[in-house]
Amino acid sequence: MNKTIRRVSVFTLLLVFALLVRATWVQFYEGQALADGKHNRRNTIALYSEPLGNIVVGGEAVTGSTRTMSGDLAYKRTYTDGSLYAAVTGYSSQAYGATQLEGVYQDLLDGTDTRLKSVLDTVTNKRSDPGNVITTIDPDVQKAAYDALGDNKGAAVAIDPATGKILAVVSTPSYDPSRITTGDSDAWKQLTKDADKPMTNRALRQPLPPGSTFKLVVAAAALEDGLYSSVDDKTVSPDPYPLPQSSSDLTNENPSAPCENASIRVALQYSCNNVFGKMAVDLGQDKVRAMAEKFGFNDEEQDVPVRAYTSVYPSDMDKAQTALSGIGQFDVTATPLQMAMVSAAIANGGKLVSPHMVSKITDSGGDVLENYDDRAGTEEIVSSDTAEQLQSAMQTVVEEGTGTNAQISGATVGGKTGTAQHGEKNSKTPYAWFTSYGKADGKEVAVAVVVEQSDAARSEVSGNGLAAPVARKVMEAALKG
């Protein structure tokens with residue numbers, strides 16, 4: 001054999017060897033990844049080859065599966081009152097994947113969760129019958145929130161303070177997940193390019209400046225720290241309050257309000273910026289942050305079980321920024337879930353029960369695989385004395401202060417309004433907030449509402465004018481249902 005042929009033979013053998021090595025690598029090391037890949041059509045075919053399990057609200061399934069008339073996907077996902085429950089269910093789409101509870105429990109709902117396998121399923125490698133997700137959502141409370149928000153861009157969350165059960169999660173404008181279950185590209189483009197972002201879950205996934213609702217957190221910090229022993233103690237609070245290290249003053253929306261040296265009760269009643277701005281500076285940002293984090297701020301793993309976006313109390317502020325943080329501005333942000341948690345802890349004697357919107361998951365026969373109601377943990381956020389004082393002050397807000405639109409006949413209601421600045425130099429329409437609790441006939445509920453945008457004139461945008469009426473209707477549904 002001459003030298004040239006020998007070299008070609010060796011090179012060819014090396015190529016064959018490399019091919020064998022690559023084939024072995026793909027088969028034994030990358031095979032599972034390729035099999036599980038989102039672009040593998042066989043996975044989608046298998047997923048929709050049988051009906052999916054259901055998400056249940058108030059004992060009734062709000063999801064379903066229906067036989068398709070053509071194509072290689074045997075079934076498609078369907079939704080009952082899809083727009084009403086979109087912020088709870090999310091969507092399961094043949095083309096765009098799954099979100100919210102559909103995504104969190106995809107394995108359970110498609111029957112691949114190993115907890116669903118019987119001995120026979122294991123032996124035959126048969127796909128198990130799918131399980132179901134039983135939510136804590138109350139259909140009457142959910143509908144009350146949805147109807148009350150109406151055409152406004154906003155969100156609402158309702159929680160049972162004693163159990164942590166989330167009774168309502170609403171985000172508006174909403175969308176019907178049924179539109180995209182089969183991968184309708186026109187519907188997908190319309191929804192994703194809509195400037196109002198109907199697919200954004202504003203209740204859980206869009207933190208905004210909470211404005212004056214955050215004053216409850218600052219008041220809790222002041223009482224727990226001993227800066228003030230009672231909500232009726234006079235504070236040392238000049239009006240206006242000169243911001244430290246700044247040439248600006250912190251003023252109040254109502255210049256005639258009795259905010260100079262006002263007590264915490266009066267300051268909450270009239271939403272006095274000067275009091276809580278100075279209080280945050282007197283406490284120092286570290287103490288305010290510590291209290292905020294006890295309520296749930298800065299928690300990057302807040303799962304209900306859908307992962308909520310982190311509500312933020314910032315670090316490394318100067319004193320002027322700390323003052324602004326005390327009134328829920330500067331870089332403070334919160335979701336409606338977070339502000340509902342603040343009211344829930346206060347209403348529950350200072351103890352926060354872990355909020356959750358899934359009660360349990362079951363197999364196809366109804367046997368419980370996991371009970372989340374039994375697992376809900378409880379953490380003491382503030383003392384019972386502090387909670388009682390804040391409850392009393394919040395009741396004053398509703399009875400005599402800025403939250404009168406939340407009053408409910410025959411119920412005890414406490415709340416706090418907020419109007420958060422939006423845009424450079426407050427150039428855009430402010431956000432209207434209300435966080436509250438209601439108690440009547442042995443029932444109780446905590447509700448937070450944000451109205452991000454409405455057709456109201458800018459001068460009419462306020463927590464009491466826009467958000468409190470929504471909260472009232474949600475509380476009425478929870479307490480009188």
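This report describes selected features of a predicted model, namely a sheet, a covered helix, salt bridges, a disulfide and a packed pair of helices.

**The five-strand sheet**

An open sheet in the structure is built from five strands, arranged in the order β2-β1-β7-β13-β14 with mixed pairing. Its edge strands are β2 (60-61) and β14, each of which pairs on one side only.

Strand β13 stands between β7 and β14 in that order. Because four of the five residues of β13 (residues 358-362) are buried, this strand is largely enclosed by the rest of the structure. Towards one neighbour, β13 is joined by four bridges to strand β7 (residues 132-135), and the two strands run antiparallel. Two of the residue pairs can be named: Asn132 has Thr362 of β13 as its bridge partner, while Thr135 is partnered by Val358 of β13.

Towards the other neighbour, three bridges connect β13 with strand β14 (residues 368-371), again in an antiparallel arrangement. Here Ile361 stands opposite Glu370 of β14. Strands β13 and β14 form a hairpin with five residues between the strands, and in this hairpin Gly366 adopts a positive phi near 95°. As a general point, the side chains of a regular strand alternate between the two faces of the sheet.

**A covered helix**

Helix α3 (residues 82-89) is mostly covered, with seven of its eight residues buried. The buried residues of α3 are Gly82, Leu84, Tyr85, Ala86, Ala87, Val88 and Thr89. Gly90, which comes just after α3, has a positive phi of about 70°.

**Salt bridges**

Side chains of opposite charge can pair when their charged atoms come close. The structure holds 14 salt bridges, and the table presents examples.

| Salt bridge | Closest N to O distance |
|---|---|
| Arg115 and Asp113 | 2.9 Å |
| Lys143 and Asp147 | 2.6 Å |
| Glu370 and Arg375 | 2.1 Å |

How far apart are Lys143 and Asp147 along helix α7? The two residues are separated by about one helical turn, because they lie four residues apart in α7 (residues 139-149). Lys143 is partly exposed, with a relative accessible area of 44%, and Asp147 is likewise partly exposed, with a relative accessible area of 44%.

The salt bridge of Arg115 with Asp113 brings together a partly exposed residue and a buried one: Arg115 has a relative accessible area of 40%, whereas Asp113 has 11% relative accessibility and therefore counts as buried. Glu370, the residue opposite Ile361 in the sheet, forms its salt bridge with Arg375. Arg375 is exposed, at 55% relative accessible area. Through salt bridges that share partners, Asp113, Arg115, Glu370 and Arg375 are joined into one network.

**The disulfide**

A disulfide is a covalent bond between the sulfur atoms of two cysteines. The structure contains one disulfide. Its partners are Cys259 and Cys272, whose sulfur atoms are 2.1 Å apart. The link of Cys259 and Cys272 is left-handed, with -75° about the S-S bond. Cys259 belongs to the loop between β11 (249-250) and α11 (264-270), and Cys272 to the loop between α11 and α12 (273-283), so the pair ties together parts that are 13 residues apart in sequence. Are the two cysteines, Cys259 and Cys272, buried or exposed? Both Cys259 and Cys272 are buried.

**Packing of two helices**

Two packed helices are described by the angle between their axes and the distance between the axes. For helix α15 (residues 336-347) and helix α17 (residues 384-400), the axes come within 8 Å and cross at roughly 115°. Which residues make the contact between α15 and α17? On α15 they are Ser343, Ile346 and Ala347, and on α17 they are Ala387, Leu390, Gln391 and Met394. Sorted by class, the contact of α15 with α17 comprises five nonpolar residues, two polar residues and no charged residues.

Technical notes. Residues are numbered from 1 along each chain as its sequence is written. This is a predicted model: local features need pLDDT of at least 70, side-chain atom pairs count only at pLDDT 80 or more; totals for chains, interfaces and linings use all residues. Side-chain values use heavy atoms; hydrogens and water are left out. A salt bridge is a side-chain nitrogen of Lys or Arg within 4 Å of a carboxyl oxygen of Asp or Glu. Buried means under 20% relative accessible area, exposed over 50%, partly exposed in between (1.4 Å probe, protein chains only). Two strands pair if DSSP finds at least two bridges between them. A disulfide is a pair of cysteine sulfur atoms within 2.5 Å. Axes are lines fitted to C-alpha atoms, for helices over the stretch in contact, and angles run from 0 to 180 degrees between N-to-C directions. Contact means heavy atoms within 4.5 Å. Ala, Val, Leu, Ile, Met, Phe, Trp, Tyr, Cys and Pro count as nonpolar, Asp, Glu, Lys and Arg as charged, and the others, Gly among them, as polar.
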